[in-house]
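Here are a few short exercises to work through with the model open. Try each one before you read the solution.

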Amino acid sequence: MTIDWAHFTPWSALLGGALIGLGVSMFALLNGRVAGISGLLGSLLQKHDEGRREKGLFVLGILVAPLLWWVFAGRPLAEFEAGPLTLIVAGLLVGLGARYGSGCTSGHGVCGLARLSPRSLVATLSFMASGIGVVFIARHLMGG
């Protein structure tokens, strides 16, 4: 493996990680709840109104932040090597996994690990092992 040093941006990655940590910490401190995205989205689709405004603003911030980055820092180059059908199936599988795993990578990986949750540790290890396995199969066994 080689690193493309010309496009390696550790400072922006560090800043992004710090902002994610700050955002989920503030959400937990101010709302007493974990900022797992699948849980937030799921609760926004339910009829109850408890914390709906805060959850909606949090999700809106996740959607608006990349647009602000685009305006002030320029559009990042994104290349998708998969077709639309593959991306749709992948998205549905991620959603299914989040449902059966009782949370997504943000809920388990960022918030759950910070709370030293054993369940989140197992979930995060499962996410990582599955991702590594899929990449290995796709690139080395299927030649993709």
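A residue counts as buried when its relative accessible area is under 20%. Keep in mind that this is a predicted model.

**Exercise 1. Find which residues of α6 are buried, and what they pack against.**

Solution. Start by applying the cut-off along α6: the buried residues turn out to be Ser120, Ala123 and Thr124. Next, look at what sits against them: these buried residues pack against α5 (105-114).

**Exercise 2. Check whether the span of α6 fits its residue count.**

Solution. Helix α6 covers residues 118-141, which is 24 residues. At 1.5 Å a residue, α6 should span 34 Å. Its end C-alpha atoms are 33 Å apart, so the two values agree. Now step just past the helix: Gly143 there has a positive phi of about 75°.

**Exercise 3. List the largest nonpolar core and say which helices supply it.**

Solution. This core has eight residues: Val24, Phe27, Ala35, Leu40, Leu44, Phe58, Val59 and Cys111. At least two of them come from each of α1 (10-31), α2 (37-44) and α3 (52-73). Then zoom in on Phe58: leaving aside residues up to four places away in sequence, Phe58 touches Gly23, Val24, Phe27, Ala35, Ile37 and Leu40.

**Exercise 4. Compare the UniProt "transmembrane region" records with the model.**

Solution. The unreviewed UniProt entry lists residues 12-35, 56-72, 84-101 and 121-142. Take two of these. Residues 56-72 are 100% helix and 0% strand, with end C-alpha atoms 24 Å apart. Residues 121-142 are 95% helix and 0% strand, and their end C-alpha atoms lie 30 Å apart.

Notes. Residues are numbered from 1 along each chain as its sequence is written. This is a predicted model: local features need pLDDT of at least 70, side-chain atom pairs count only at pLDDT 80 or more; totals for chains, interfaces and linings use all residues. Side-chain values use heavy atoms; hydrogens and water are left out. Helices (H or I, at least four residues) and strands (E, at least two) are DSSP runs, numbered from the N terminus. The expected span of a helix is 1.5 Å times one less than its number of residues. Buried means under 20% relative accessible area, exposed over 50%, partly exposed in between (1.4 Å probe, protein chains only). Contact means heavy atoms within 4.5 Å. A nonpolar core is a set of buried Ala, Val, Leu, Ile, Met, Phe, Trp, Tyr and Cys residues joined through side-chain atoms within 4.5 Å. UniProt positions are given in the numbering used here, feature names are shortened, and annotations may be inferred rather than shown by experiment.
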